[in-house]
Amino acid sequence: MADDILRTIDALVDEEHRLRDQAVGKGLGPDERTRLTAVERQLDQCWDLLRRRRATAEAGQDPKQARPRTIDEVESYEQ
């Protein structure tokens, strides 16, 4: 289960790096900027889910009980 989340994170990080590398050379068009924002938000959501599932497992509970929170909910957290 955590492996699935980690694979998703890896794919999103690869895409984020590709978009950021592209931005350095020629900049990003509106579609690429929108996609980069979406990727960043999805990464936040995935990291949140991974942390919550690990914490649930450490507490002796079924990590499958931890469900993804909405991106808006994850993005509204204060650091």
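The buried residues of helix α1 are covered by elements that include α2, where buried stands for under 20% relative accessible area, exposed for over 50% and partly exposed for in between, with a 1.4 Å probe and protein chains only. This is a predicted model, in which local features need pLDDT of at least 70 and side-chain atom pairs count only at pLDDT 80 or more, while totals for chains, interfaces and linings use all residues. Residues are numbered from 1 along each chain as its sequence is written, and side-chain values use heavy atoms, with hydrogens and water left out.

Helices here are DSSP runs of H or I with at least four residues, numbered from the N terminus. The buried residues of α1 are Ile-5, Ile-9, Leu-12, Glu-15, Glu-16, Leu-19 and Gln-22. After α1 comes Gly-27, with a positive phi near 85 degrees.

The largest nonpolar core has nine residues, namely Ile-5, Ile-9, Leu-12, Val-39, Leu-43, Cys-46, Leu-49, Leu-50 and Ala-66; such a core joins buried Ala, Val, Leu, Ile, Met, Phe, Trp, Tyr and Cys residues through side-chain atoms within 4.5 Å. Two or more residues each come from α1 (2-26) and α2 (30-58), and α2 gives the largest share, five residues. Leaving aside residues up to four places away in sequence, Leu-50 touches Ala-2, Ile-5, Leu-6 and Ile-9, contact meaning heavy atoms within 4.5 Å.

Helix α2 also holds Arg-53, which is buried yet has no salt bridge, that is, no side-chain nitrogen of Lys or Arg within 4 Å of a carboxyl oxygen of Asp or Glu.

| Arg-53 and its partner | Distance |
|---|---|
| Asp-4, nearest side chain of opposite charge | 6.9 Å |
| Pro-63, backbone oxygen reached by the Arg-53 side chain | 3.4 Å |

Definitions and conventions: Lys, Arg positive; Asp, Glu negative; His and termini not counted. Polar contact = N/O pair within 3.5 Å; in protein donor to acceptor, adjacent residues only side chain to side chain.
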